[in-house]
Amino acid sequence: MRIFGISPQAAPSAGMLRSPEPRIRSRGACKPTEMLEARHRMDAPPTRSARWGTDGIPSGGGATEPSPDAVLIRKTLAEVGPVADKVTSYFYALLFTGHPELRSMFPVAMDVQRERLLKALLTAAEHIDNPQVLAPYLSRLGTGHRKYGTMAGHYPAVGEALIGALARFAEGTWGPEAEAAWVRAYTAISQIMIDAAAADEQKAPASWQAEVVSHELRTPDIAVLTVRPDQPYPFLAGQYTTLETPWWPRVWRHYSFASAPRSDGLLSFHVKAVPAGWVSNALVRHARPGDVLRLGPPAGSMVVDHTTDNGMLCLGGGTGIAPIKALIEDVAGHGERRPMEVFFGARSDGDLYDKDTLLGMQRSHPWLSVRPVVCDGLAGQLPQAAGEHGPWNSYDAFVSGPPGMIRSGVDALKQIGIPGDRIRYDSVEEPVGVSG
């Protein structure tokens, strides 16, 4: 069978698109009570289309004049945006009715998964004129989603469901030309993913088994887990992975590595149990040494550029401090003495669960300053606390935590003079490290 120009034999496997959880009280809700003085590129994603976000597609470098295919695709997206829920439901109905064997590849409960596959396809198609940005994004998806066991032959089924759903709900803009544009876009999108997955299969497993070796409850809702992967797991400090538990098969969540790579190969994660969070509650309340988890490949661009000696300004909210801690270890491990300013935010003193460890690191490294911040609204007040210090215009910035805090933090950092291309963060659908 050959549909949309994709041969099932094009690659042995590929991943189906899916997902991904200082003490200063500053002016207003946060007032200074303690100040621990230093002892001494991904820019914002492109504009969203209707309800479908960009799922981490970075901006920049697009064509100045959209191609005819891009124009037709965007017209379709504009029409179906207001009925996104109906399009999504119809898409899955077509997919599972026509190919019931694919249903077992998805979680039993579809409420978390529901929009992600279609959303990724639609937002990728929207940026079809931006290959220098889109190709790396799709390559990461193709390699990062091999863990789902999707074969290259599954892509035609997904393409058929996509075209069927769009034809049903884009009646005003749909026609032979629009359909041909979408077929060409889907062919290009899926082939990039298939090729990337095939290349990655030659050098890395689809997933790693990882045994829990320690489980430390820091607060009633926050645990630090350390796991031992069954084979070497290469990653960079500041990156994250996707994690599956034995209690919720096929349900994956994003978690950042809480340390730089270690000589013993162990990996650590900080997990906060959130209301109705399947994976986070399982990890905090049920995981014990001896349990075996499954890890996807590493991802993320919030890493240190060791070719520069720029100062580093780090904002970490909640368990978003985990990758910041890894960055500190990375800088120390490289023998660097660049100034590093860390603002660690939480809603209460009790939630500053890693404060003692961070202050201990400050005592060991004269180039590091750690400022705990307690405030009710991390989204606005943690960036505000950072803005009251500085200046930061010569620093590289790193932001990690809940999505609202990341968005407000990036905006605030730009306002105080840090260029967007020197602000590093990972834009995923759930907060990295604090997802359900």
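The following paragraphs go through one strand and its partners, then the aromatic pairs and the charges that sit over rings, in a predicted model.

Strand β3 covers residues 240-244 and is mostly covered, with five of its five residues buried. Its side chains divide between two directions: Tyr-240, Thr-242 and Glu-244 point one way, while Thr-241 and Leu-243 point the other way. Residues on both sides of β3 are buried, Glu-244 among them.

β3 has pairing partners in β4 and β6. With strand β4, residues 252-256, β3 pairs in the antiparallel sense over five bridges. Within this pairing, Thr-241 stands opposite Tyr-255 of β4. Strand β6, residues 292-295, is also antiparallel to β3, and two bridges join them. Here Leu-243 of β3 stands opposite Leu-295 of β6. Thr-241 and Leu-243, which point the same way from β3, thus each have a named opposite residue, Tyr-255 in β4 and Leu-295 in β6.

The next topic is the aromatic rings. A pair of aromatic rings is described by the distance of the centres and the angle of the planes. The structure holds 13 aromatic pairs. One of them joins Tyr-90 and Phe-169: the ring centres are 5.7 Å apart and the planes stand at 80°, so this pair is edge-to-face. Because Tyr-90 belongs to helix α2 (residues 84-98) and Phe-169 to helix α5 (residues 155-169), the pair ties together parts that are 79 residues apart in sequence. The two residues fall into separate burial classes. Tyr-90 has a relative accessible area of 31% and is partly exposed, whereas Phe-169, at 17% relative accessibility, counts as buried because the cut-off for that class is under 20%.

Another pair is formed by Phe-91 and Tyr-92. Their ring centres lie 5.1 Å apart with the planes at 75°, so this pair too is edge-to-face. Phe-91 counts as buried at 0% relative accessibility, and Tyr-92 counts as buried at 6%. Elsewhere, Trp-208, Tyr-233, Phe-235, Phe-257 and Phe-269 form one aromatic cluster.

Rings also take part in contacts with charged side chains. The ring of Phe-169, already met as the partner of Tyr-90, has the charged end of Arg-168 over it, 4.7 Å from the ring centre. Trp-252 has a charge over its ring as well: the charged end of Lys-147 sits there, 4.9 Å from the centre. Residue 252 is also where the range of strand β4 begins, the strand that pairs with β3 over five bridges.

Technical notes:
Residues are numbered from 1 along each chain as its sequence is written. This is a predicted model: local features need pLDDT of at least 70, side-chain atom pairs count only at pLDDT 80 or more; totals for chains, interfaces and linings use all residues. Side-chain values use heavy atoms; hydrogens and water are left out. Buried means under 20% relative accessible area, exposed over 50%, partly exposed in between (1.4 Å probe, protein chains only). Helices (H or I, at least four residues) and strands (E, at least two) are DSSP runs, numbered from the N terminus. Two strands pair if DSSP finds at least two bridges between them. Rings of Phe, Tyr and Trp (its six-membered ring) pair if their centres lie within 6.5 Å; planes under 30 degrees apart count as stacked, over 60 as edge-to-face and the rest as tilted. A charge sits over a ring if NZ of Lys or CZ of Arg is within 6 Å of the ring centre and within 35 degrees of the ring normal.
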